[in-house]
Structure formats: structure tokens, C-alpha cells
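Take a walk through this structure with the coordinates open. The route runs from the cysteines to a helix and ends at the ligand.

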Amino acid sequence: MTASSKFVAFDETGAVGLIRLDKPPVNALSRDVRTGILDAIAEASKHTQIKILLIYSAGSMFSAGADLKEFDTGFGEPSLQDVQAALERSRLPVVAAINGLALGGGLELAMACHYRVAHKNAKLGLPEITLGIIPGAGATQRLPRLIGARAALEMILSGAPISASEAKSKGLVDEVVEGDLRASALNFCERLLQNRLGPRPTSNLAAASSLTKADIAEALRAHARTLKGRTTQAFVVDAIKASALPFAEGIAVEAELAQKSLASRESQALRHIFLAERESGKVAGLPARAQEQEAEIKRVAIIGAGTMGSAIAIAFADAGRTVTLIDNSQTALARSREVIASTYASSVKRGRILQEIAHERIARIAAGMQLADAADADLVIEAVFEDLDLKKQVLSALDSILPSDHLLASNTSTLSVTELARATAHPGRVLGLHFFAPANVTRLLEIVRGNDTSGETLATALQVAKLLKKNPVVSRDAFGFIGNRMMLDGYFREAEQLLLEGASPMQVDAALERFGFAMGPQRVSDLGGNDVGTKTRIQLYKRESRPDPYFVIADRLTELGWLGQKTGRGFYRYESGSRDAMPDPEVTALIETLAAQRNMVRRDIKDDEIVERCILSLINVGAMVLEQGIASRASDIDVVWTSGYGFPRHLGGPMFYADTLGLGHVAERIRYYHEKLGHYWRPAELIERLAAANSTFERSTLADDSAKR
Ligand code: COA
């Protein structure tokens, strides 16, 4: 070893100078790493026997890119661009050996090297667009020079990484290797030297041919769904157009656009959500050992082979776990087997997984008819019918079958987890795992902490979420937990109120879809089934009741059997086999009657009022959930709503959005509606308090968190 800094080691073997990046967990290119690389380049120049440089990673990935923390604090010197300039200028050829992931700035670093070798399992990508920014360290100029402007536009707009073999076929890497990457890369270096191949700066390559209008339109169309309501793509297009200019000019355009994108609301919101999703899995006061330890969850049993139970089984099989799906009905088990098979068949058809992987996963799910079949499971999740006595019975029977330190979870969405847990002799090991349909797809997992749930149990549940690649959010045990409480008391309730006051389902849905929700509330109800909502509320009323009018329309639709898409009519009408929602005059008449019974005078309502009321009521109830300690951070609520309820990610979640509106304004508008509409618009005390202090939800959560540490 010749020299090393804390995170970058320099070494040599024969004619090769080795620069090893070693900053766990992801080799983020923080200032100390950048300095380390420059020092290593300088060190190499002192050794005349070194003829070539190789940059590689000591960890599981090449680099996940720029250090996200620096986006807020500002990037110190030396910049990544300084490092890239030193690499490109190097009189020795520089090779990057890419393993695991090369993302964002990590790939930009590799593109500033003269040659690239990738392991066959490596993935290369520019995910910046998912953070609302454009790559700002040369990718918009170097990538088009390497793979062409069209392919570069596609890769940056998609944000998704590509495989090493795709990177090779596009011209982004020179060689793909198997086995020991370092050894293969050294061999590659030897061959370069033998063939006297010297430095090859990417910026010296010919400028890319410019994009045509048709290229741009096609690429934007291909990503229209994920980029709905977004603005970053315009910056991407302009930056790539500039790659037709001489390199120095193009880079200057990129730098200006990168700054603009970084300063945008959209970028602040998306970076907030990225960090919020990582923060939500951390809970103050849990035993550190339990949080760090790998969850020993190898075998899982699920009780109840309905739609939810089957989807949970798929989620665990996807995560490589062995699952026993238990139901006392043969018919239910047979139906579930079909559902599981057809779910995997459709994944294969869409090219998401290979046929043999599907077979393996299906084979990992066994069926059983007795609770005793769950005896060797590390975790049992009951997903039986939502009935307190039935669930208590199941949990208490499982409690006597399972070793006392194994986990028992209920997938209840309405019942008290504390009460369910107390039906067992070991309430400390019981908790709620609230999955969201479709449970194998939806990223949110609400973890409900009963009054007796132990820290160890909670810590293991957080690990379970991690292995399922879900976003966990811990909720206290209360009416509707976090998400449904806000949906029912806030967002959906207000949508119904607006219908009674004169808006149509179509108008309410369209207004909220324009705001950015994938689907408006009435279309969501029709998709899930109005009866599901009614049953949920009936159960919830046993915990707390709500004054009229509270979902009088949806409950009336359930009474009539107008349950939504599955019965061909609900808030809307549906032609047989179609999902297109068509207005239904009979529903309008029904709403008019329900309004008249309450002496409500119907009127024309503007779209702006619909959006403002639905979103403000969501924020207001969110603040109550926070002040009552049901959620422990505002950012957790943002994770719940963006990963489970379709709130637009680029607005950062309801609480972040409230901060961007300004809590003073939010408080004033809520007071206005309180005066106009009465009791249920009572402003949350937390909003009043933060507004008076000119503060934000984000700042108040940060203050709370540091107090807990
Ligand atoms: N800068 C700083 N920290 C980063 C980071 C980055 N670019 N990328 C990840 N991290 C941190 C995470 O915050 C997390 O920290 P924590 O353990 O304190 O919570 C840790 O690294 C592990 O990341 P995590 O996302 O939990 O691990 P994972 O294995 O699920 O995913 C990645 C790894 C790299 C795929 C994922 O973190 C990612 O997508 N990172 C962002 C990449 C990106 O957008 N780069 C472009 C920036 S130019």
C-alpha cells in the first residue's frame, strides 16, 4: 500500500495504479471521497512505473452517486467536475471497474474515465429524474457522445438503470466480465497497455447528432404516465439538445439547467420523499441490536387464503421466503392457488420475471388446512375475515402453537391491535401488519404498534418490511391508524360533502386527478368496492362514532347493491367488461335526495374549491394524527400517502405540501371553512401552533427527533 485516505485507498500492482473507493454503504461521492480520488491521482503521478489507473469499489456497488446530503448544504470543493477534469486530463489511461450499481454521479464518474469494464450483474443508471433534478456532472453531454442523443434522452427520462450487457451493446461500457471483476479489469488494463491504447477522454468524442422534434415527442410520450404533472423532463430535453454544441458550451448549459432543477419545488419534494422513506424505518428507542440484526424470518404462515392472504403470500415468496397459506376451506385454497398462478403468469407475460423463477416462487407457497401447520413459522400473519371474535380466536390458538418468541401479526385494518393481542398470553409479540391491496405490489406497510407490542417485535417487523422491499410506517393503535383515518375523516369525507353540496362524482374525480392523484376518490371507491368501505366503517364505528353526514352516499350505494365496477354500477355506471366510468343520472338523483333530507342547498362548485377542501382536510386530519402521537413524524405521513394512497410524489406528500403552501395560509383557510362548514373543520392545534411560530411540519419533526436522540 502506497497511500490512502479514509475512504479512498491507493495501491499499485505492476504497472497498474489502483484507486479503491471504500465509503460504505453506497460509496456516495462526498467531499472526502472526491478529495481522496484527486490525492490518489496525484500520488500515482509520482510513480514512474505506473502506466495505467484502475478505479474500483471495495464494497457491493461502484457508487450510488452524489451525496444527497450535499444537495441541501451545497457542494464543497473539490467538485465532482474537478475530479472528472483530472481524470480526463490524465496522461495515463484510466479504467473504471463497475460492480453492483453505478448510479447518477457514480456513472458520471465512470463516464469521465477513459474505459469502462462492468461485471455482468452490474447495473448502470441515471436516477436523477426521480429526484426532480437533471444529472449535473456531465451525463447530459458525455452520455450522448457515447450512446447517441436519442438513447441518452431515453435513459435519463426513464431514470431506470440498464444491465451491463445492454450498456455494452449501447457502447456505454467496453467489456462485460464474469467472476472476479478486479482480476478481469487488471487483465483488461494489461491488454490496453500491450495494444498501446492510451487516454480516450469522452469529452473529446464527436458531438452527438441533434435530437429531432419527433425523437423528443416520442421519448416524452413513452414516459408520459410517470412524468404526469412533472417539469424536470423539460430541463433534460434542453440539456441533451445542448450536447450537439462543443463540449465546453454544452457543459455550461447543463450546469445552468442543473441549478434550476435543483432549486425547483419538485426537486425539494422528491428529495424529501426519498429521505422520508429511509427515515420511516427508524424508530427511536428500539433495541439497537434488534434493529441492526438481519431478521430471522425464513418461514412465514398466513392464515386466510382470500385475496389479501394470497397477495401477502406472493409478497413473501417474491422475497425468497417459504410460505404456508392456511385456510379451513378447500374451495378457498383452490381459488387462491389459481389467483397465485395467474398473478405469476401475468408477471411472466409482461416480461417482469422468467418462467422458471415464477415456478420456483409458486413452489415456495404450500397450502395447509390446520392452524397447526403454522407451528414452525417464524412469523404468522392472520388475514381472516374482519371480525373481532374470530381474529381473537385465531390469534389465541396460534399463541399456544408457536414458540413464544415468534411473531404474531394481524392484517386488520379496523380492529384494536391491543385488544387482539390481549387475547393471547404473549401480547408483546403481537402487532398489526396492515398491507394495502394489491399487497404484492403496493409499497406501503403500516406497522401497528399495540400498547403491549415489545420493542423487539417492532424491530423485527421493520426488518420484515425491508425484506419485502416495502416502506414501513409505524402507527399507534387508533381509529383507522394513519392512512385510513386521514382518508375517512379528511379526504374522502370532504369529497362526499362536496357531492352533497352540488358537485358531481366526475367533477370531483377530475379535479383531484388534475391535482395529481392517479384516480379520484369516487373512482377509487368503485374500484375497491363500496361495500368494502361500508364494512370498514361499521367496524370502526365500534371504536368511535362519527356524526351525520358521514359517507351517507357510499353507504346508500352499498345498500342498493351498487358496489362499483364489480356490479357494473357504483358512483358511476360501467358497461360490461369495461372500466370506463360513465355518469349515472340515478346516482345524481340519489345524492340530491340525501342532500334534501339534510336541508342542504345545492350549488355550482368550482374545481379549485374541490381541490382546496379535499387537500386541506387531509392536511388538517394529518396534523391531528401527528399531535395525537398516532404518527411520530410528519414525513411518515407523507410516506403513507405517497406510497399507499396515490398522493402525487412530486408534491412531497400532504404534510410537505402544507409546508410549501405555508402553514399561516393553511391555518387561515381551515379557519375559514370551519366558520362556513362547522365542527368537523376545527383546525388542528398543531397547525395553529406552528403557524403562530411561523414554523413548518418538517422543522417541528426535526426538533422532536433531535429531542428524542
Ligand atoms: N447519498 C447519500 N446517502 C445515500 C445515497 C446517496 N446518493 N444513496 C443511498 N444513501 C444512503 C441511504 O440514505 C441509506 O442511509 P441510512 O442507512 O442511513 O438510512 C443507505 O445509504 C442505504 O440506502 P438504502 O436506500 O436504504 O439501501 P438500498 O440497498 O435499498 O438501495 C440504492 C441502495 C443505492 C439503490 C438507493 O439508496 C438509491 O437509489 N440511492 C439514490 C441513488 C441516486 O438517486 N443517486 C443519484 C444522486 S446523483
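**Cysteines, a helix and a ligand**

The structure holds zero disulfides. C113, for one, is in no disulfide, and its nearest cysteine sulfur, that of C189, is 11 Å away. Keep in mind that this is a predicted model.

Why is C189 without a bond to C113? A disulfide is a covalent bond between the sulfur atoms of two cysteines. The pair would have to come within 2.5 Å to count as one. The sulfur of C189 has its closest cysteine sulfur in C113, but that is 11 Å off, so the gap is too far for a bond. Burial is a separate matter. C113 has a relative accessible area of 0%, so this residue is buried. C189 is also at 0% relative accessibility and therefore counts as buried.

Next, go to helix α1, which covers residues 31–45. It has 15 residues. From first C-alpha to last, α1 reaches 22 Å, close to the 21 Å expected at 1.5 Å a residue.

Which residues of α1 are buried? They are V33, R34, G36, I37, A40, I41, E43 and A44. Note that this list includes the residues R34 and E43. L38 also has its place in helix α1. Is L38 buried or partly exposed? Its relative accessibility is 25%, and the cut-off for buried is under 20%, so L38 counts as partly exposed. L38 also links distant parts of the numbering to a spatial distance: P78 is 40 residues apart from L38 in sequence, and the two C-alpha atoms are 8.6 Å apart in space.

Now turn to the ligand. Which residues come nearest to it? Of the 16 residues around the ligand, these are A64, A66, L68, R278 and K282.

Three of the contacts can be followed atom by atom. A66 uses its backbone: an N or O atom there lies 2.8 Å from a nitrogen atom of the ligand. R278 uses its side chain, with a polar atom 2.7 Å from an oxygen atom of the ligand. K282 also acts through its side chain, where an N or O atom is 2.8 Å from a ligand oxygen.

How much of the ligand does the protein bury? Taken alone, the ligand exposes 870 Å², and the protein buries 68% of that. Two elements give two or more residues to the shell: β6 (101–103) and α12 (265–279). By residue class, the shell divides into eleven nonpolar, one polar and four charged.

Notes:
Residues are numbered from 1 along each chain as its sequence is written. This is a predicted model: local features need pLDDT of at least 70, side-chain atom pairs count only at pLDDT 80 or more; totals for chains, interfaces and linings use all residues. Side-chain values use heavy atoms; hydrogens and water are left out. A residue is near a molecule or strand if one of its heavy atoms lies within 4 Å of it. A polar contact is a pair of N or O atoms within 3.5 Å; within protein, one must be able to donate a hydrogen and the other to accept it, and residues adjacent in sequence count only if both atoms are side-chain atoms. Accessible areas come from the Shrake-Rupley method with a 1.4 Å probe; for residues, only the protein chains shown count as cover. Helices (H or I, at least four residues) and strands (E, at least two) are DSSP runs, numbered from the N terminus. Ala, Val, Leu, Ile, Met, Phe, Trp, Tyr, Cys and Pro count as nonpolar, Asp, Glu, Lys and Arg as charged, and the others, Gly among them, as polar. Buried means under 20% relative accessible area, exposed over 50%, partly exposed in between (1.4 Å probe, protein chains only). The expected span of a helix is 1.5 Å times one less than its number of residues.
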